[in-house]
Structure formats: structure tokens, C-alpha cells
Amino acid sequence: MLAELVESGELPPVEERLPEDPLVVEPTEQVGQYGGTWRTATTGPGDEVWLDLTIGYEGLVRWASDWTGAPGDAEVIPNIAAGYEVSEDSQEFTFTLREGMRWSDGEPFTTADIEFAFNDLWTDEDLASIRGLGAGPLMHDGELATLQVEDDYTFTIAFDQPNGMFLSSMASGGAGANTLIAPRHYLEEYLPQYNDDLDDLVESEGYDSWQDLLAAKFDYNTNTDYPVMNPWVITEPLGTGSRVEAERNPYYFKVDTAGNQLPYLDAVRYTVMNEPEVMLAAAMQGDIDMHSRHFNEPANKPVLAEARAEGNYDFFELAPGLANELVVMFNLTHEDDQMREIFTNRDFRVGLSHAIDRDELVNTVYQRQGTPSQVSPQPTSPFYDEEMATQYTEFDVDLANQYLDDAGYAERDSEGRRLGPDGEPITFSVEHAGLPGFEDALALISDDWADVGITMTPDPMDRSLFEERRRSNNFDAVVWLAGGGTDVTQNPYWYAPLSDRSDFASLWAQWYTTGGEDGEEPPAATQEQFELYDELLRTADAEGQQDLMEQLLQITAEEFYHIGTVRPGAGYGIVSNDFHNVPTTIPDSYRVKTPALSNPEQYYLAQ
Amino acid sequence: MLTFIGRRLLYMVPTLILISIVAFAIIQLPPGDYITTMIAQMEADGQSMDAATIEALRDRYGLDQPFYVQYWTWISNIVFHGDFGHSFQWNRPVGYLLGSTLPFTMLLTFSTLLFTWAIAFPIGIFSAVKQYSIGDYVATTIAFLGVAIPNFLLALALMYIALTVFGQPVGGLFSDEYASAPWSFGKFLDLLGHLWIPMVVLGTAGTAGLVRVLRANLLDELRKPYVVAARAHGLTERRILLKYPLRVAVNPFLSTIGWVLPALVSGEIIVSQVLSLPTTGPLLLRALRSQDMYLAGAIILIVSVLTVVGTLLSDILLARLDPRVRLGAR
């Protein structure tokens, strides 16, 4: 495809387009063939993530494709950076860029771009609202990192404190843009410090402010002029059209083991289909080459399996990254003292955990996929602890009643309902946003709990409303999917109230995130978890991180904040039989950009 | 007639102001705003957003301002600058988004309308004149089915047939090879090849409804004494039918012309969504779902304005055609 352009002189020959030391990607199966289009689908705006996850993952460093979530930096590998060095005290990180590396428009990529990205984009608070920006990994212990540029290809990022998570959060990248990767030569024009006539430009482009204009120009999904480092460059933008198309980046900096420039595939085409059901039909018909989003739910697997021969595709496995399919989070910092007293009673939670028939949930709601479990790391994770995963998961009504009696709610009314401290029956509602399986699972759990004298009403609602109520601490209990099954150290919110995602104790989380200014002071054990995690962030070596996280998890198991139900089994994606180099198993987590960590640039179509 | 029109035009001003306020208010009624939708979406993917960023976003989009300030900014920009604002979700001017979907929406609605009338008129007349004939029964049965079957179900069924029998790809208005190609005869044919599904789906219910209305009205008229009188004067059946009863029976067609105007812009939402058509319907649905209020507000406002204008137009047409309406208005 590019040979003609080279011949006509429009494009320099490949040796001049590649950096001096291109990144060598080992193909999953074998060296592939050039050509072809990867046909996939998107639901359009609001689904930018699928573009990020397929063609938008090119950071300074990245995750190795056989990622397991081990602590430390062993699984972080160089990407745009040719290499990196970490100082003894884990405070300074020195990166080397590749000489001769170029943006997709042919301009060189040097530390000038990094310097610009650091000073003018990522650390500018006014721009934090733009998708992809915000200090994120460059912030540590409340202090911003400093950047020191040594020459065109070497720079150092330094922190005041040892930083144990910097490389891994850089590897996880951001949404919509990879941290510190931005083309200076293109974007300068849209920043007031470089362009005195910016106001006129904002006016003529029809925007209200230069920030809005910058946001539009910075977006590689909708702006086809934006130079990228990605394997494919978007030529038909995400917008009102019926598809998004990306063509190969002639300056892409990676080669295969035979020295061929990647990517193999000429183009990626995302057909816009508003409804996942329509996408499912397209997949069954064989109109999709490789896909692992939107329709890959357990419920759709049988239908897809049946149409495999006709649609000429097969499944690949997604190694589960979730810690639980459904976690019931009681509001331990409930505004109402009465309810808080009940929910913070550990025996009450243990009793209710024993009352849930998890095997029934697995069989009826989750198509016999998954294992009864509390919220816990996956067995493949180095943090797995069987005791933590299985405690109180045994279905035992007598034991459940015993615990609830011990909790102090032995008295019942004439209908057998247990009475709370105020002498009234204990009733509460569990709010949820109607994610797949929630409704059915909660109906079963509600019956199970009624059998031990506790009245629970599932309360489904629109996701926005759910979000509002959750954030205003205005609920009895909620359910959600629990993350942190494999990305344990990076996603600890499910094991301790460390962020506003920790719905089981949002006021404690607030206390932590605001440094004790807002929220409520949590019990000593929880505070110890905070200290452990802070320590972990300052610890660079893998063993140290492992040790601290294990201690933190131990406290989680003892505190038993929330009730887990089912640990998910493997997920799946579909891949055409003509489409090669897709691994049979890909780790599944947003944090590692599934499937981008399996190197889509080396996927190929048999010609 | 002129005072009639003038008075109607005057009434339209307060109506439109009220509509614009209600439209803007309704979009804001659901809990949360665009940012909450955005956060919810990110969380479903396992991402999170810190409080400072949320604050910055609300500030950038002006969502923390009181209702009347937001409304005034919105409406004054529309009235004084013709600027419908920016869509949050698409990060593009609303005007641009409408500009790229409106032509297809109008094409679809217009061709559907022609299809509907071309079929409904003859069938309606036929089944009234030949009441209780086999043809009437067939037409009536089909008409009832058309009214009873929800459009989206018909769309799904046709899609299934197109897929299994003709092997035509699902949804859209163009095949892959023409999607981004410049206009050509081939592309036009390709468009026609795709257009028939939504046209038939959307047309069926409309056709069925019109057939029933026309038949009922015509039957009423055909039994009236003036028809008998005309026949006694020796006029031909054809002339009697076309000149008098049909003219009265056609009223419902004209009074629904007013609804055609807004439909040209809004299109059919559910069918377009199912068939993944690049029309304004799915655009509106998505905007409402994500509380992308300037986009949703613009579409609702335009549709409302066109409804008001359309109603005026059909009233004028009716007044021209039917002296009773004209005299009643006086």
C-alpha cells in the first residue's frame, strides 16, 4: 500500500521513516502478511474507549502482553521510550527516546514534545477537564513532579518522595491520550502562550473559548489532522458518519522479528451500530473480524457459539480482571444512626453472607460460569488468599440465623421478621443501576434474606440517578461489579475505602482523600490500611509492595466491609478464522487496555 | 383570510417562547447532568474521575450555573446569533451535527410520505367504493396488521429477511464501499437499495392508518343525499366520486400535513435506532440519554417550531379547501 507512495516520492523510503532502533514486536504466532482491513464496530460517540483500546495505546511505557498484575515494575516494558532507568531511591525516572522517531505526519518526536506536553498540557490545571489531560501519574503525595530535559532524546521526571507506582500508572496510560505524548508542532498554535492571535482563531473556528478549541483539536478520534504515534491514523473521524476508519501510520516505530515495519493490517474500520443487538447479528454473520466489547456477555455466548461455522469465527478467552460479579455494599457511613448501627455490625454482615445461596446464583444468573467467592484477587494473582476468598461463602441458613441472633437481632415479629434496635422490623433497599445480571441476582438474594428474617428490596434505577445518590451518600446499600481481581495494587478501592468508588464507606474515603478535612474519621483498622497504602505508593521494590498489600488485604478480610457473591469465570471475544496473531487468552482489565496490550499492530489477515 | 393568518402568527410568539422554556426545562428534569452520565460511563469501564476534574468539567460546560442563566445564554445565542451551542458529547457545534444528518432525515421522511400517499389513496378509495368486496377485505386486513404491528418489530423482521434471503448487510443507508465515496450514480443506486427497508417500515403504519381514515370518511360521504342528487342528475360515477365526496374525505390528509414538517426533521427514532440510520432520530435519543442538553434542546426546539408552523400551514390549506373551516374561523 505504501510502496506506490514511496515510488511517487510522496513518502520517504521505509528506512528513513523508522527510528534507528525500532521496537521489535514478537508476533504471537508467526510473522504475518501485509494488507486487509480489520472490521469491527462501535456504538459511536460515548464509545471512544473502544478506539483507545484498539488503536490508541502508545505510551512511553506499556504493559507486557502476558501481564498478571504482579507488584513492582517487572511487567512494565519500554514502548515509545527506548528504555528507562530508575534511581536508587525511586525518585528519579530517566527515559531515553528513540532517535529518528516520527509523528504520523513525519515530524520528529523529541524531548521538545515531552517538555511541551509536561509544562503546557498535563500539569496545567485549567486544562484538567479535557479528556486525556490532568496531572494523574505526575502527581505524588500531593506534589507535582519536575521535568528535566538533558538532550533531544533524554529526560528525567523527578519526585520529592520515592514513587512506587509511577511506572505502572504510566503504563496504564490515560483515556483519550497517553500521558505526556502530544505533538508540539501541531498543538502550539492552539495555546495562548504560543499564539497571540488565538482569539481570532477561536472565533473563526466557531468555539466559545480556546480551551474548547484545544479540546477539539487534541482529540484524535474526531480530528483527523492530529498527528499520533498509533499504528493507525484515523482518516474518517468519529462523528455523524456511519463509520470510523483508520489507515496505517507510515511512520509507525515498530517492526516484527523479520524487520518488517508494522502494522500488518492496512486499515481498521469501525462500523457505527447504535444497538449492541445489531452488532451481535453482524458478528454472527461474519461481518466482524475481532471484537471484545459491547456484546460479549455470558448470555450471548450460546447464540454466538451456534453461528460459529457460518460466521467463520471462533472465541478467544479474556482472563477475568474483576474481583466479583456483584458486591453488596452496605453503607457503613449511613446518615441514619439506626441503620449505621445495624450495617456496621460485623455479625450482621457475616450472617447475611451465609444466607446467600451462591451456587444457585452461579447456575441461574451466570450461566454456570464463575465461583462462589467474596471480593478477592483472582487465583492467578500473586495476592490470592483462599481463606479471604472463601470465608463466609458457605450457604448455611442455621449458621446465618446464629450470626444474626448473635448480632443482637434475635427478636422477631409475628411474621418472622427480625427487629432492629428501635423495635421495628429491619428493612432496607439495595440500589443498583441495572447492569446485566443485577436484577435477577438481587431477586434471589432478597428471597434468601427473607428466609432469615431480613427484608431487602432491590431498587433499580437509571445510571445517572444512581450516580447522584451514590455520590451524595444517600442510600442504604448498593451493588456494583468489584474491580481489583488482577490489578490489585492499582485498584485497591474495593479492599479499603481509598476513593469515592468505595461506596461501602464514602465518608471514610472522603476523610482519606481530603487529608482529614472532610468526611468522618474511620476506625483504627481502616486507618492502618490507609497508612499501608501510602507506604506502598512510596515503595518501589516488588517484595515490599507485595508485603504491604498482603497486610492491607488481611485487614480487608478481617473487617469484612462488604459481601461478595460470585467471582467471574473467563470472558470471551470473537475472532475470525482468517484473522491471526490474536492470543488465545488476553488479560482483561481496563487498566491494561484489553485488547491493545496484545499488540494489535501484529494482527494480520490471511491473504 | 389575512386577519386570520395575522392573528395566528401573533399567537405563535408566546407559544414558541413557552415551548422553548419547557423544552429546556424538560431536558434538565432527570437527575444529574451530562457529567454524571460521563462518570457513570467511565465507571462501567473501570475508570474513575477525581473530584477536581469533575469540578473543572462542570465549570467548563457552565453546568453549575442556575437554570435561568443557562437558559438565557442558550436562547439568546440562538435568537441573536443563530448559534445552537456546542454538543458536549460530540464536541462539535450543534449546527454542524444537524447539518450532516438533516438531509438524510428529510430524504427518508419525504420518500416515505410519497410512498404512503401513493399507496393509501387508491386503496382507500377502492375499499370504500367496493365495500365488503374481497379486495376490501384484503386491504382492510393488511391495514389492520399494519396498524397493529409495531414499526421496530417490522424493521427487525425485514432486517432478518434481508440478511438471510438477500445476504444484505444489516442497517445503515450505504454499503461499505460507498460509505465515504463521493456522490455517483452507483452510490445513488446503493442508497436506493438500502432506503427501501426504512421506507417500507415507516410507510406501513402510516399507509394503514390513512387507508382506514379515508375509507371511513368516504363511506360517510357516499351515503349522503347530495351524492344521490348528483347521481340523479346523470353525472358519471367517476366525476361524482372525485368532485364531491373525495374532496370532503380528504380533509384528514391535509390536517396531517402539519405533522409532516416536524417529522421531516425528527424522523422516526426507534426505527432509525434499530436500523442504525444516520438520521436525527438516534442523535436525539443519544443526546437525551446522555443529557447532552444543547443538542437535545436544539432538536426539540426546531421540531416544536416546525409543528407550530406546520399546524398553521395545514389550517390555511384546510381553510382554502373547505369553506366550513373558513367560515368557522371568522
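Helices here (H or I, at least four residues) and strands (E, at least two) are DSSP runs, numbered from the N terminus. What you have open is a predicted model, where local features need pLDDT of at least 70, side-chain atom pairs count only at pLDDT 80 or more, and totals for chains, interfaces and linings use all residues. Residues are numbered from 1 along each chain as its sequence is written, while chains are lettered from A and ligands numbered from 1 in the order in which they are written.

**Stop 1: all of chain A**

Select chain A and zoom out. You'll find 21 helices and 27 strands in it. Its radius of gyration, taken over C-alpha atoms, is 26 Å, close to the 25 Å that the globule rule (2.2 Å times the number of residues to the power 0.38) gives for 607 residues, so chain A is as compact as a globular protein of that length. Along the principal axes, the C-alpha atoms fill a box of roughly 90 × 60 × 50 Å.

Buried residues account for 52% of the 607 in chain A. A residue is buried if 20 or more other C-beta atoms lie within 10 Å of its own, exposed if 12 or fewer, and partly exposed in between, with C-beta atoms placed from the backbone. Two residues are in contact if their C-beta atoms, placed from the backbone, lie within 7 Å. Among contacts in chain A between residues at least 6 apart in sequence, 70% join residues at least 24 apart.

**Stop 2: a four-stranded sheet**

Now pick out strands E15, E24, E16 and E26 of chain A. They form an open sheet in that order, E15-E24-E16-E26, with mixed pairing; two strands pair if DSSP finds at least two bridges between them. Which strands stand at the edges? Strand E15 (290–291) and strand E26 (585–587) do, each with a single partner strand, so one side of each is left without a neighbour in the sheet.

Go in on strand E16 (residues 313–319) of chain A: three bridges join it to E26(A), and the two run parallel. Show A:Leu318 and you'll see that it stands opposite A:Ile586 in E26(A).

Slide back to A:Asn312, in the loop between helix H11 (308–311) and E16 of chain A. Phi of A:Asn312 is positive, about 55°, although this residue is not a glycine. A:Asn312 is partly exposed, with 14 other C-beta atoms within 10 Å.

**Stop 3: odd backbone spots in chain A**

Next, try A:Asp141, in the loop between strand E7 (139–140) and strand E8 (143–144) of chain A. A:Asp141 also has a positive phi without being a glycine, near 55°. Is A:Asp141 buried or exposed? It counts as exposed, with 12 C-beta neighbours inside 10 Å.

For cis peptide bonds, select A:Leu262 and A:Pro263, which are joined by one with omega of about -5°. A:Pro263 is in the loop between strand E13 (254–256) and strand E14 (267–272) of chain A. Then jump to A:Thr594 and A:Pro595, where a cis peptide bond has omega of about 0°. Look for A:Pro595 in the loop between E26 and strand E27 (604–605) of chain A.

**Stop 4: A:Val479**

Select A:Val479 in strand E21 (residues 477–482) of chain A. With 26 C-beta neighbours inside 10 Å, A:Val479 counts as buried. What does A:Val479 touch, not counting residues up to four places away in sequence? The list is A:Leu326, A:Val327, A:Val328, A:Met329, A:Val430, A:His432, A:Phe438 and A:Leu442.

**Stop 5: where the chains meet**

Bring chain B into view. The contact takes 41 residues from chain A and 41 residues from chain B. On the chain A side, helix H8 (210–218), helix H9 (276–285) and helix H18 (463–471) each supply at least two residues, and H18(A) gives the largest share, five residues. The chain A side divides into 13 nonpolar, 16 polar and 12 charged residues. Here Ala, Val, Leu, Ile, Met, Phe, Trp, Tyr, Cys and Pro count as nonpolar, Asp, Glu, Lys and Arg as charged, and the others, Gly among them, as polar.

**Stop 6: chain B**

Colour chain B by pLDDT, the predictor's confidence in each residue, from 0 to 100. Its mean is 81, and 94% of the residues reach 70 or more. Among the elements of chain B, helix H16 (residues 323–329) has the lowest mean pLDDT, 65, and helix H9 (residues 225–232) the highest, 88. Where pLDDT is low, the predicted coordinates should not be read in detail.

Finish on helix H4 (residues 67–81) of chain B. It has 15 residues and reaches 21 Å from its first C-alpha to its last, close to the 21 Å expected (1.5 Å times one less than its number of residues). H4(B) is hardly covered, with one buried residue among its 15. Just after H4(B), B:Gly82 takes a positive phi of about 65°.
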